[in-house]
Amino acid sequence: MECCSSCFVELNVFRAQWMSELKPNSASNGGNRGLSSRAADLKRKQELAREEKAKELFLKAVEEEENGAVYEAIKYYRRAMQIVPDIEFKINYSRSPDPDGGNENDMDGEIEDLLAYFHQQLTLQDNSLKICVPEVDMAQMHISALPPEVLMYIFRWVVSRDLDLRALEQLSLVCRGFYICARDPEIWRSACLRAWGRSCTKLVPFNSWREMFLERPRVRFDGVYISKTAYIRQGEESLDGFYRAWHQVEYYRYLRFFPDGQVMMLTTPEDPLVTVPRLRSRNTRVESIMCGHYRLSQDTDNQTKVFVVVSKRKEEKVAEYQRISRFCRRNPAAPETEHSFHVGLQLSSGGRQSFNKLNWIHHSCHITYRSTGETVVTAFDLDQMYASFYFARVKSYTAFSERPL
């Protein structure tokens with residue numbers, strides 16, 4: 001019993017010594033963890049401070065560059081990138097720096113009601129509305145001396161019957177008076193009526209005619225829709241029978257829309273650089289071009305569709321009829337026919353541009369026999385050979401105005 005009790009006492013002493021040795025270590029470990037967390041916080045604060053300093057220098061460089069001081073801007077850019085190499089990717093460009101420290105809410109409110117703000121800036125002189133004021137005294141008559149009615153007529157010439165509203169938006173950047181004239185509701189209402197006809201007599205759900213023209217789905221008139229089809233087909237076997245050639249076939253389809261409901265369609269292997277300039281006028285002499293009309297339709301599924309009906313021109317029909325007549329002398333049973341092609345397309349937007357894509361939904365050929373009036377319809381299967389149309393803006397299409405809006 002005495003041996004067991006002595007062993008128990010020695011065991012308790014060993015435990016006490018062991019616990020006393022562990023207490024300082026645990027305290028030191030806790031202190032080390034506290035020091036490491038404080039060091040991490042200090043390092044994080046230093047990184048944030050460096051990033052803020054780099055942002056300040058980078059925005060200062062942007063301001064100097066906007067003011068034309070390129071060399072000073074380069075210095076600030078270099079200093080900012082020395083502090084944080086990828087600082088340009090950490091800056092929010094949603095708003096420009098305000099060097100004067102003005103009230104952002106006031107500026108936002110002013111920009112939201114920019115049209116009313118510009119109206120307040122106009123002055124009345126000699127009981128007539130002053131559109132703009134010349135910057136320097138001139139011996140010749142300034143455009144501001146023109147009556148507003150004449151100026152608005154000039155603006156309608158800028159828009160033209162081709163609905164070049166892009167030129168109108170660029171003209172509005174000249175001065176405050178031009179900005180107000182370019183927002184005239186009658187111009188945008190006339191543009192909407194020309195684009196959609198009687199189907200746009202009401203503004204709902206849009207707030208203005210300008211908003212309707214910009215937001216409502218429509219085909220574009222300042223360019224051409226292009227579809228490229230490419231495939232590989234097997235050729236004829238060689239005379240010796242050792243090999244069979246393969247051919248890569250490429251061809252393009254072009255669609256040019258006009259505001260009055262007319263449309264031109266062309267299928268050709270020629271490159272767009274050659275074909276697009278020849279489609280500027282609807283009186284083009286391009287062979288095999290088909291002309292017709294189109295209409296827009298918006299179904300209950302909120303999808304806008306474009307239906308096109310095209311056929312060959314009359315002069316081409318006459319030449320074809322003469323060839324058929326010569327053939328009929330040898331074979332009187334050959335009937336006289338008229339061909340027309342019906343195309344259905346779905347309008348959509350892709351990328352940054354609006355209404356720049358047309359997807360195939362229908363293609364058929366209608367053959368009408370003149371003798372009996374019977375019409376035979378042949379529908380084509382839509383496969384990979386029917387590539388989507390993509391819009392390409394052409395500046396030369398709206399370079400000249402033939403008639404005002």
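Buried, on this tour, means under 20% relative accessible area, exposed means over 50%, and partly exposed is anything in between (1.4 Å probe, protein chains only). What you have open is a predicted model, where local features need pLDDT of at least 70, side-chain atom pairs count only at pLDDT 80 or more, and totals for chains, interfaces and linings use all residues. Residues are numbered from 1 along each chain as its sequence is written, and side-chain values use heavy atoms, with hydrogens and water left out.

**Stop 1: R253 and its neighbour**

Select R253, which sits in strand β4; strands (E, at least two residues) and helices (H or I, at least four) are DSSP runs numbered from the N terminus. Is R253 buried or exposed? R253 is buried, at 9% relative accessible area. Now add S227 to the selection: R253 and S227 are 26 residues apart in sequence, yet their C-alpha atoms are 5.0 Å apart in space.

**Stop 2: a salt bridge from β4 to β3**

Stay in β4 and pick E250, then K228. These two form a salt bridge, with the closest N and O atoms 4.0 Å apart; the term means a side-chain nitrogen of Lys or Arg within 4 Å of a carboxyl oxygen of Asp or Glu. E250 lies in strand β4 (residues 244-257) and K228 in strand β3 (residues 223-237), so the pair ties together parts that are 22 residues apart in sequence. E250 is partly exposed at 33%, and K228 is partly exposed too, at 45%.

**Stop 3: more salt bridges**

How many salt bridges does the structure hold? The count is ten. For one of them, select K60 and E64, whose closest N and O atoms are 3.6 Å apart. They are four residues apart in helix α1, so about one helical turn separates them. K60 is partly exposed, with a relative accessible area of 29%, whereas E64 is buried at 16%.

Next, jump to R278 and E270, a salt bridge with its closest N and O atoms 3.2 Å apart. R278 counts as partly exposed at 37%, and E270 does as well, at 34%. Then select E169, R183 and R210 together, and you get a network of linked salt bridges.

**Stop 4: the largest pocket**

Which residues are closest to the centre of the largest pocket? The pocket has a volume of about 420 Å³, and of the 19 residues lining it, R166, L214, R218, R220 and D222 are the closest to its centre. For the method: on a 1 Å grid over the protein atoms alone, a pocket is an open set of points where a 1.4 Å probe fits, with protein on both sides within 12 Å along at least five of seven lines, and lining residues have an atom within 4 Å of a point. Grid points are joined across faces, edges and corners, and the volume is the space filled by probe spheres set on the points.

Colour by element of secondary structure here. α6 (165-171), α9 (209-215) and β9 (353-369) each supply at least two lining residues, and α9 gives the most, with four. By class, the lining has seven nonpolar, two polar and ten charged residues. The classes go like this: Ala, Val, Leu, Ile, Met, Phe, Trp, Tyr, Cys and Pro are nonpolar, Asp, Glu, Lys and Arg are charged, and the others, Gly among them, are polar.

**Stop 5: two unusual phi angles**

Most residues other than glycine have a negative phi. F355, in strand β9, has a positive phi of about 55 degrees although it is not a glycine. F355 is buried, at 8% relative accessible area. Now go to S288, in the loop between α10 (272-275) and β6 (290-298). S288 is not a glycine either, and its phi is positive at about 65 degrees. S288 is partly exposed, at 48%.

**Stop 6: G344**

Select G344 in strand β8 (residues 337-350). G344 is buried, with a relative accessible area of 0%. Add F307: G344 and F307 are 37 residues apart in sequence, and 4.7 Å apart in space, C-alpha to C-alpha.

**Last stop: out on the surface**

Finish with L11, in helix α1 (residues 2-66). L11 is partly exposed, at 37%. Add F14, W18 and M19, which together with L11 make a nonpolar surface patch of about 430 Å². Patch residues have over 30% relative accessible area and no salt bridge, and nonpolar side chains (Val, Leu, Ile, Met, Phe, Trp, Tyr) are joined within 5 Å. Accessible areas come from the Shrake-Rupley method with a 1.4 Å probe; for residues, only the protein chains shown count as cover.

Technical notes. Patches are made of residues with over 30% relative accessible area and no salt bridge: like charges are joined within 9 Å, nonpolar side chains (Val, Leu, Ile, Met, Phe, Trp, Tyr) within 5 Å.
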